[in-house]
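Keep the structure open in your viewer and select each item as it comes up. The tour goes from stop to stop along the chain and through the spaces between its parts.

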Amino acid sequence: MTTVIALGGNALVRPGERGTATEQRTNLRETCEALRPLLGGDLVVTHGNGPQVGNELVRQERSADEVPPLPLYLAVAQTQAEIGALIESELTAVAGRPVVGLITHVRVDEDDPAFGNPTKPVGPFYSDEEAHKREDDRGWAVREDAGRGWRRVVPSPQPLEVIELGAVRALLAAGTIVVACGGGGIPVSSRNGRLLGLDAVIDKDRVSALLAIDLGAERLVILTDVDAVYRGWGTNAQEELRELSADEAQLLLGELAAGSMRPKIEASVAFATATGREVLITSAANVAAALDGRSGTRVRP
C-alpha cells in the first residue's frame, strides 16, 4: 500500500514558538512517533513551510545591504532542504529504514489566473510606507493584513505536474520513505527544455493530492491542528463531521474560509474523485484513533 502523508505546520512549529532548530526537532520527534501506525508499505511525506520560509525572507531582508536577497522560489528550495533534513533525522530512527528528502519542483501554468490576483501573504510585516516603497522598487504586490501591517502577497497557482515523480517512484521501489513536495514544491514553468523558477506559493495539500493521484496511492492522510473537520467551527453549533462523501465535502466548501481547512477539503475531493479511495483528515496525535474509526474525518468517493 502506498500512503501519502501531508504534515501540517504544527508538526514543526507550535503556536508561540520562534521556530528554533531545537523546537522543530522536538516537535518532529513527537510527530514521528505518532506516525508509527502509518509507517508500513510505501510512504511519501509532504509538508508545509510557512514559518520557515517567512523566517528565511526576514533573514534576507535584514541582510540585504551585505548579501543579495534570493528570489522566493529559491527560499522555498532552501526550506525544503532544511525541513527535509530535520524529518530525515527524526523519522529514520522511528521507521527503521532509509528516509530521503527530495528537492521537488512542481510545474504550474504561467497563465494561471492566480498570477493576475496574488493573495498569499509571505514574509515580514511592513509599515505602509515601507511596503509601498518595496512595491515601487521591486514590483511586489502588497496588501494590508488584518490590521497588523502590510505584507507582500504572491500568487498561489494550481499544481499541474510533479517534475521529480519518476525519482519518487524509484526511491519507493528501493524501500525508501520519501520526503517530497515540501512547501508545495518549487513553482516552475518549462521553457525550451529548461525549468524557470516562479515567485509563487503552491498549496501543499493540493500538491499532495496531485502526487498521491499520480503515484496511484491507496491512501491520502492530511494532518492538521484539529482532530477532525467541523461544521460551524468556533460557534455554538459546532459539529464534528466524521465521514463525508466527496459530494458532501464539495458542498461544505461554501462554508469554509479560503485558508485553513478549505484547501484540505479541496484536496480530499480531488483525490477521492480521481481514485475512488478515501482521505483521512486528523491531527498527528489522533492518527491511531482515526485509523480505528474513533476520531478524524474520512472523505470517501
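Start by selecting E248, which lies in helix α7 (residues 246-252). Helices here are DSSP runs of H or I with at least four residues, strands are runs of E with at least two, and both are numbered from the N terminus. E248 is partly exposed, with a relative accessible area of 42%. The classes work as follows: buried means under 20% relative accessible area, exposed means over 50%, and partly exposed lies in between, using a 1.4 Å probe and protein chains only. Now add A170 to the selection: its C-alpha is separated from that of E248 by 36 Å, and the two residues are 78 apart along the chain.

Two notes on reading the model: it is predicted, so local features need pLDDT of at least 70 and side-chain atom pairs count only at pLDDT 80 or more, while totals for chains, interfaces and linings use all residues. Residues are numbered from 1 along each chain as its sequence is written, and side-chain values use heavy atoms, with hydrogens and water left out.

**Helix α6**

Select residues 204-215, which form helix α6. Its 12 residues reach 16 Å from the first C-alpha to the last, close to the 16 Å expected at 1.5 Å a residue; the expected span is 1.5 Å times one less than the number of residues. How many of the 12 residues of α6 are buried? Nine are, so the helix is largely enclosed by the rest of the structure. Among the buried residues are K204, D205, V207 and L215.

Next, look at both ends. D203 caps the N-terminal end of α6, with a side-chain oxygen 3.0 Å from the backbone nitrogen of D205. Such a polar contact is a pair of N or O atoms within 3.5 Å; within protein, one must be able to donate a hydrogen and the other to accept it, and residues adjacent in sequence count only if both atoms are side-chain atoms. After α6 comes G216, with a positive phi near 70°.

**Strands**

Select β1 (residues 2-7) and β2, which pair in the parallel sense over six bridges. Two strands pair if DSSP finds at least two bridges between them. To see one bridge, pick V4 and its partner in β2, V44. Strand β2 (residues 42-47) is mostly covered, as five of its six residues are buried.

Move to the open sheet of four strands, ordered β8-β4-β10-β11 with mixed pairing. Its edge strands are β8 (161-162) and β11, each pairing on one side only. Strands β10 and β11 run antiparallel and are joined by four bridges; in one of them, S189 has L196 of β11 as its partner. Also in β10 is V188, which is buried at a relative accessible area of 2%. Select H105 as well: V188 and H105 are 83 residues apart in sequence and 6.5 Å apart in space, C-alpha to C-alpha.

**Two loop residues**

Is N192 buried or exposed? Found in the loop between β10 and β11 (194-197), N192 is exposed, with a relative accessible area of 81%. Its phi is near 50°, a positive value in a residue other than glycine. Now select C181, in the loop between β9 (177-179) and β10 (186-191). Phi of C181 is also positive, near 55°, but C181 counts as buried at 0% relative accessibility.

**A cavity and a pocket**

C181 also helps line the largest cavity, together with H47, Q80, G84, G101, L102, V179, A180 and G182. On a 1 Å grid over the protein atoms alone, a cavity is a set of points where a 1.4 Å probe fits but cannot get out; a pocket is an open set with protein on both sides within 12 Å along at least five of seven lines; lining residues have an atom within 4 Å of a point. The largest cavity has a volume of about 40 Å³, and a search of the whole structure finds one cavity of 30 Å³ or more. Grid points are joined across faces, edges and corners, and a volume is the space filled by probe spheres set on the points.

Finish at the second largest pocket, with a volume of about 200 Å³. Of its 15 lining residues, E61, L70, R138, W140 and R152 lie nearest its centre. The largest share of the lining, four residues, comes from β5.
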